[in-house]
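Please read this briefing with the sequence and the 3D structure side by side, and look up each residue as it is named. The points that follow are grouped by topic.

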Amino acid sequence: MRRTFESPSPCQHHQKGSILILVIWLVVMISIFTLSVGGMARQRLKSIGMLEDRARIRRVADAGVQRALQIIQTKPLDKGPVIDRLNEQWSTNPAYFKDIEIDGGTFSVVKLWPIDEKLDESTKNFLYGVVDEESKINLNLYDEPAVLRRAFAAAAKISQEKASQLAESILDWRDEDEHSYPDGAESRYYKTLSPPYVAKNKNIETLEELLFVKGMTPGLLKKIEPYVSIYGGQQVNLNTASSVALTGLGMAPSIIDKMIEYRRGRDGKEGTFDDNVFSSIEAAPSELNEVIGLSDGEMNEFTRRLSKGQTSVSSHYFTIRSVGRLNNRTRTYMITCVVERGGGIKSWHEGFVES
Ligand SMILES: [Ca+2]
Ligand SMILES: [Ca+2]
């Protein structure tokens, strides 16, 4: 019997072709789906990883803040007058504050170093620690432009004339009235700018705010930043004050040199074990005279400056700047805060440092 084979009809051909296309389409779609799910999962994992890294680097930097806080806050305040000086644990302490390993990373608590001052072998350990705000000139305190003028001229190495314009403009920015100092600026000036604005006529709340003040530039602000504060009490601490702050108060250069020499002690370095200390404002002239020697003129001048109520030997506000890094990572996270001893946190800024 002859077997006959029927060839598939065109319709069957078409059906098979359609099934094949469907299968290919399904395979392609499943592949795309798998790839996209995989991509999403990878993206999600990456995001989770970045969040975890951020949380971890934040914890590392915060550990530096907590360590500094503990040292500042645990100073016994009930044992006679408090004297704060640069060779204490909070101020100069690489063992506590330099490259401290914790939780898969390291933190350092560092000082803002003046851009013009070199960091050499004798000063590099001095960099690790907390800064007291009473070592600086408080921009919200002085009602006479002379203090700010002298401090700005010394800090930014600008002329007395330019420093005076800046000082008077800052006083105008801060004081309540709209009467301008001869070289200052009030709303009348700021209204002519584009876009126009008005003088704040209130205390300065952040140093960045100074960029709104007539004559201030980012370059100038960077130069004066290590020497000025918007926190702190009424007085500059003789034991911690920068020479810029002492210049601001009107101390003669020869007396400032002698004060710094006295504070440094025999090894000639600030923040070491042999530092001399001013124990009180009343005793400071005789203490300085005894160790370094003062002329009669210097003695009178020093005593007169100290009688103005602008100086003390203790500090109450501190800036903590903690820098965190994770092992095998390149990014840096910085927390900067100002705290009051025995009080709370006055300001807090944190974030990745843009390099
Ligand atoms: Ca004003
Ligand atoms: Ca010393």
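**A buried alanine and its surroundings**

Ala163 counts as buried because 25 C-beta neighbours lie inside 10 Å of it, where 20 or more are needed for a residue to be called buried. This description, like every other one here, concerns a predicted model.

*Around Ala163*

- Ala163 is part of helix H4, which covers residues 160–174.
- Leaving aside residues up to four places away in sequence, Ala163 touches Arg149, Phe152, Ala153 and Ile158.
- Gly351 stands 188 residues from Ala163 along the chain, and the C-alpha atoms of these two residues are separated by 33 Å.

*The nonpolar cores*

- The largest nonpolar core has 40 residues, and those with the most contacts inside it are Ala151, Phe152, Ala245 and Ile170.
- At least two residues of this core come from each of the helices H3 (145–156), H4, H7 (243–248), H8, H9 and H10, and H3 supplies the largest share, with 8 residues.
- Ala151, one of the residues with the most contacts inside that core, touches Ile137, Tyr227, Val244, Ala245, Thr247 and Gly248 when residues up to four places away in sequence are not counted.
- There is also a second, separate core of 21 residues, which includes Ile57, Tyr128, Val131 and Tyr317.

*Helix H9 and its two faces*

- Which residues are buried in helix H9, residues 284–291? They are Ala284, Pro285 and Leu288, and they lie on the same side of H9 because they cover an arc of only 100° around the axis.
- The face of H9 that is turned away from this buried side carries Ser286 and Glu290, both of which are exposed.
- The cover over the buried residues of H9 includes helix H8 (253–264) and helix H10 (296–306), and both of these helices also supply at least two residues each to the largest nonpolar core.
- After H9 comes Gly293, whose phi is positive, near 95°.

*Confidence in the model*

- The protein chain has a mean pLDDT of 89, and 92% of its residues reach 70 or more.
- Over residues 1–5, however, the pLDDT is below 50, and this stretch has 0 contacts in the model beyond near neighbours in sequence.
- Where pLDDT is low, the predicted coordinates should not be read in detail.

Key:
Residues numbered from 1 in each chain as written. Chains lettered and ligands numbered in written order. Predicted model: local features only at pLDDT ≥ 70, side-chain atom pairs only at ≥ 80, totals over all residues. Buried ≥ 20, exposed ≤ 12 C-beta atoms within 10 Å, placed from the backbone. Helix = DSSP H or I, 4+ residues; strand = E, 2+ residues; numbered from the N terminus. Arc of directions from axis to C-beta. Contact = placed C-beta atoms within 7 Å. pLDDT = per-residue confidence, 0-100. Core = buried A, V, L, I, M, F, W, Y, C linked by C-beta atoms within 7 Å.
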